[in-house]
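The exercises below are meant to be worked through with the sequence and the 3D structure side by side. Try each task on your own before you read the solution that follows.

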Amino acid sequence: MSSQALIHSQVIQKAWEDPNFMELLKSDPKKALYEVMGITLPENVQLKTIQETAEEIYLVIPPKPSEMVASAKINVKAAW
């Protein structure tokens, strides 16, 4: 599992377990990741949180690796 996939799984697990984190993740995802997990995203990176339901799911298509910008890497200071 890649480090990005691991972080993604940890964020989802934390959101399921902690309603306050879930609400902050929906209202201010960058702040939620920083305050709870020590993850800092660059200013130029936008982060949106969408909660799926049983009736509505989302297919996220990431950018091609060749389109990724090195400066947009996630800086993980600590995990909870």
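## Salt bridges

The model used throughout is a predicted one, and three salt bridges are counted in it.

**Exercise 1.** Find the salt bridge that D18 makes, and decide how far each of the two partners is open to the surface.

*Solution.* Begin with the side chain of D18, which meets the side chain of K14 in a salt bridge with an N to O distance of 3.6 Å. Next, turn to accessibility, where buried means under 20% relative accessible area and exposed means over 50%. D18, with a relative accessible area of 21%, is therefore partly exposed, whereas K14, at 17%, counts as buried.

**Exercise 2.** Two further salt bridges join E23 with K26 and K31 with E35; work out how the partners of each pair are placed along their helix.

*Solution.* First take K26 and E23, whose closest N and O atoms are 3.4 Å apart. Both belong to helix α2, which spans residues 19-27, and because they are three residues apart there, about one helical turn separates them. Then take E35 and K31, whose closest N and O atoms are 3.9 Å apart; these two lie in helix α3, residues 29-37, four residues apart, and this again is about one turn of the helix. The general rule behind this step is that an α-helix has 3.6 residues a turn, so residues three or four places apart point the same way. Finally, check the accessibility: K26 is partly exposed at 35%, E23 is partly exposed at 48%, and K31 is partly exposed at 38%.

## The overall fold

**Exercise 3.** Describe the order of helices and strands along the protein chain, and state what share of its residues is buried.

*Solution.* Counting the elements gives three helices and two strands, and reading along the sequence gives the pattern α-α-α-β-β. Of the 80 residues in the protein chain, 19% are buried. The accessible surface comes to about 6500 Å², and 56% of that surface belongs to carbon and sulfur atoms. As a last step, consider the contacts between residues with a separation of 6 or more: residues 24 or more positions apart account for 46% of them.

## The nonpolar core

**Exercise 4.** Which residues make up the largest nonpolar core, and which elements give two or more residues to it?

*Solution.* The largest nonpolar core has 11 residues, namely I7, V11, A15, F21, M22, L25, A32, L33, M37, I39 and L41. The elements that contribute two or more residues to this core are α1 (3-17), α2 and α3. In soluble globular proteins, nonpolar side chains tend to be buried together.

Now follow two members of the core in turn. F21 has its place in helix α2 and is buried, with a relative accessible area of 2%. Leaving out residues up to four places away in sequence, F21 touches V11, K14, A15, A32, L33, V36 and M37. One of these partners, L33, is 12 residues from F21 along the chain, and their C-alpha atoms are separated by 8.9 Å. L25, with neighbours within four places likewise set aside, is in contact with V11, A15, A32, L33 and T49.

**Exercise 5.** Where around the axis of helix α3 do its buried residues lie, and what covers them?

*Solution.* List the buried residues of α3 first: they are P29, A32, L33 and M37. These residues cover an arc of only 95° around the axis, so they are on the same side of α3. Their cover includes α1, α2 and β1.

Look more closely at P29, which is buried with a relative accessible area of 9%. Beyond residues up to four places away in sequence, P29 touches L24, L47, K48 and T49. The C-alpha atoms of P29 and K48 are 6.7 Å apart, although the two residues are 19 residues apart along the chain. To finish the helix, note that G38, just after α3, takes a positive phi of about 75°.

## The surface

**Exercise 6.** Identify the residues of the nonpolar surface patch, and decide whether V60 is buried or exposed.

*Solution.* The patch is formed by I50, Y58 and V60, which together have about 320 Å² of accessible area. V60 lies in the loop between β1 (39-40) and β2 (75-76). With a relative accessible area of 67%, V60 is exposed, because the cut-off for that class is over 50%.

How values were computed: Residues numbered from 1 in each chain as written. Predicted model: local features only at pLDDT ≥ 70, side-chain atom pairs only at ≥ 80, totals over all residues. Heavy atoms only, no water. Buried < 20%, exposed > 50% of the residue type's maximum accessible area, 1.4 Å probe, protein only. Contact = heavy atoms within 4.5 Å. Areas by Shrake-Rupley, 256 points an atom, 1.4 Å probe, with all protein chains shown as cover. Salt bridge = Lys/Arg side-chain N within 4 Å of Asp/Glu carboxyl O. Patch = residues over 30% accessible without salt bridge, like charges linked within 9 Å, V, L, I, M, F, W, Y side chains within 5 Å. Core = buried A, V, L, I, M, F, W, Y, C linked by side-chain atoms within 4.5 Å. Arc of directions from axis to C-beta.
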